[in-house]
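This report walks through one protein model with a bound ligand. Look over the sequence and the structure first.

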Amino acid sequence: MKKNIFSDSSKIKSIFKDENIFDISYFPEEIYARDSQIKDIKHNLDPLIRKKKTQNLLICGPPGTGKTLVTKYVLNHLTGYTSNAKHTYINAIEHNTRYSVLHKISLIFDVFLPRRGLSITEVIERIKEGLSKSPFIPVVVVDEIDQIPSNDCSNLLYDLSRIVENNNYFCFILITNNKNFFLELDARTQSSLFLNNISFPRYSPKDLKDILSDRVNYGLLDDALSKDLLGYIAGFSAKRGGDARVGIDLLYKSAKLAEKQGSLTISKENVLEASKLIDVVKFSEKKKSLSDDHLLLLKKLEDSMLTSDLYNKNVFPERTVRRYLSIFEKLNIIRIEEINSGKGRSRKIFLNFEKDLL
Ligand SMILES: Nc1ncnc2c1ncn2[C@@H]1O[C@H](COP(=O)(O)OP(=O)(O)O)[C@@H](O)[C@H]1O
Ligand SMILES: [Mg+2]
């Protein structure tokens with residue numbers, strides 16, 4: 001037999017010091033740029049330490065801004081400090097019905113419940129019963145709450161607001177990417193919820209650099225990534241919505257491409273190729289919400305151009321173009337900046353994606 005094709009595999013030196021650092025489940029040592037959100041959530045939960053009632057929370061912000069991470073971080077500290085509170089974390093991508101969420105909540109009380117066969121009213125009764133005997137205050141996190149169809153979601157939130165009776169407290173924390181989430185609920189639900197809002201803004205290039213530096217230091221060999229390329233990756237993820245997940249993903253994909261070439265350093269070509277891969281996926285997701293007319297206008301955009309020049313192309317009436325541009329801006333396909341030109345103030349469009357992708 002010829003030499004085994006794996007025989008060299010164990011000798012290959014890898015660019016990775018620890019590949020787990022790039023896992024979605026990895027919990028970073030340090031959380032950057034979120035001091036005020038951590039403080040606000042902590043402050044909101046403080047009364048629980050004394051077994052007192054507290055406000056419910058609505059945590060809102062674009063994808064990849066640390067909502068899940070920060071919430072878990074604060075709750076781990078809370079329950080590590082006191083047994084007066086206990087939390088359950090529910091991801092609505094997994095539990096996307098009213099029943100499934102209520103069922104999962106009921107499990108916090110260690111009562112046995114059949115997975116099926118109980119009506120919603122019965123599950124709610126069990127939760128109330130559990131709550132009345134509970135030695136702790138339950139904190140229920142429903143992450144990605146907008147994944148529950150709106151009717152089910154309204155009913156669920158209404159249920160939650162009504163479970164609390166007398167001195168039986170309960171605290172829930174809702175997390176969503178959709179900034180209109182609350183406004184889209186029906187009026188009855190809106191008025192029954194007392195939500196304290198905490199918002200997570202997009203990360204700046206500097207924030208992203210800090211976040212990514214840690215992954216580089218713990219995850220990759222020393223000198224695997226130059227400062228310039230780190231800056232490029234941070235800038236790229238800033239443009240793609242200030243999303244830390246995009247930055248970590250780009251870093252990881254670039255390192256994988258370098259590894260495949262047997263290199264111990266990431267090259268500019270690796271990063272560019274990886275960013276193309278990411279953009280193709282990202283852009284095709286965005287495309288799903290665009291019409292043919294939208295796409296037609298998109299094709300007319302340049303890397304950077306004045307809005308007035310676009311209007312002059314007469315693709316559509318100016319009002320329509322304005323409306324479409326605001327859709328593109330919301331989807332982060334473009335950004336529009338006010339600039340001072342010779343002729344006074346004007347607005348300039350910048351593409352967030354490579355032109356050939358559009
Ligand atoms: N401030 C931060 N410091 C370090 N890592 C972060 C920070 N914010 C986000 N991350 C990382 O970025 C990724 C996305 O964060 P996540 O909390 O899941 O975002 P969201 O829930 O807002 O979509 C995770 O891998 C997380 O560990
Ligand atoms: Mg999340």
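## Proline 62 and its loop

Proline 62 sits in the loop that runs between β1 and α2. The model is a predicted one. Is proline 62 buried, exposed or partly exposed? It has 18 other C-beta atoms within 10 Å. A residue needs 20 or more to be buried and 12 or fewer to be exposed, so proline 62 is partly exposed.

The contacts of proline 62 reach along the chain. Setting aside neighbours within four places in sequence, proline 62 touches Asn177, Arg202, Gly241, Gly242 and Asp243. Proline 201 lies 139 residues away along the chain, yet the C-alpha atoms of proline 62 and proline 201 are separated by 7.2 Å.

## Helix α2

α2 (67-81) follows that loop. This helix has 15 residues. At 1.5 Å a residue they should span 21 Å, and the end C-alpha atoms are 21 Å apart, so expectation and model agree.

Which residues of α2 are buried? They are Lys67, Val70, Thr71, Val74, Leu75 and Leu78. These residues cover an arc of only 125 degrees around the axis, which puts them on the same side of α2. The general rule is that an α-helix has 3.6 residues a turn, so residues three or four places apart point the same way. Asn76 and Gly80 are exposed, on the face of α2 turned away from its buried side.

The buried side of α2 has several partners. Its residues pack against one helix, α1 (35-49). They also pack against the strands β1 (56-60), β2 (85-91), β3 (137-143) and β4 (171-176).

## Strand β4

How many residues of β4 are buried? The count is 6 of the 6, so β4 is largely enclosed by the rest of the structure. Both faces are covered. Cys171, Ile173 and Ile175 are buried on one side. Phe172, Leu174 and Thr176 are buried on the other.

β4 pairs with two strands named above, β1 and β3. With β1 the pairing is parallel, over 4 bridges. Here cysteine 60 stands opposite threonine 176 of β4. With β3 the pairing is also parallel, over 4 bridges. There valine 139 faces cysteine 171 of β4.

## Helix α9

α9 (244-260) is another helix of the model. It has 17 residues. From first C-alpha to last it reaches 24 Å, close to the 24 Å expected at 1.5 Å a residue.

The buried residues of α9 are Ala244, Val246, Gly247, Ile248, Asp249, Leu250, Leu251, Ser254, Ala255, Leu257 and Ala258. Their cover includes α7 (205-219), α8 (227-239) and α10 (268-287). Just after α9, glycine 262 takes a positive phi of about 75 degrees.

## Around ligand 1

Which residues come nearest to ligand 1? Of the 18 around it, they are Gly66, Lys67, Thr68, Leu69 and Ala244. The two helices described above meet this shell: α2 and α9 each supply at least two of its residues. By type, the shell divides into 10 nonpolar, 5 polar and 3 charged residues. Lys67 and Ala244 also appear among the buried residues of α2 and α9, respectively.

## The whole protein

The protein has 358 residues, of which 31% count as buried. Its secondary structure comes to 13 helices and 8 strands. The C-alpha atoms fill a box of roughly 70 × 65 × 40 Å along the principal axes.

Among contacts with a separation of 6 or more, 72% join residues 24 or more positions apart.

Technical notes: Residues are numbered from 1 along each chain as its sequence is written. Chains are lettered from A and ligands numbered from 1 in the order in which they are written. This is a predicted model: local features need pLDDT of at least 70, side-chain atom pairs count only at pLDDT 80 or more; totals for chains, interfaces and linings use all residues. A residue is near a molecule or strand if its C-beta atom, placed from the backbone, lies within 6 Å of it. Ala, Val, Leu, Ile, Met, Phe, Trp, Tyr, Cys and Pro count as nonpolar, Asp, Glu, Lys and Arg as charged, and the others, Gly among them, as polar. The expected span of a helix is 1.5 Å times one less than its number of residues. The arc is that of the directions from the helix axis to the C-beta atoms. Two residues are in contact if their C-beta atoms, placed from the backbone, lie within 7 Å. Two strands pair if DSSP finds at least two bridges between them.
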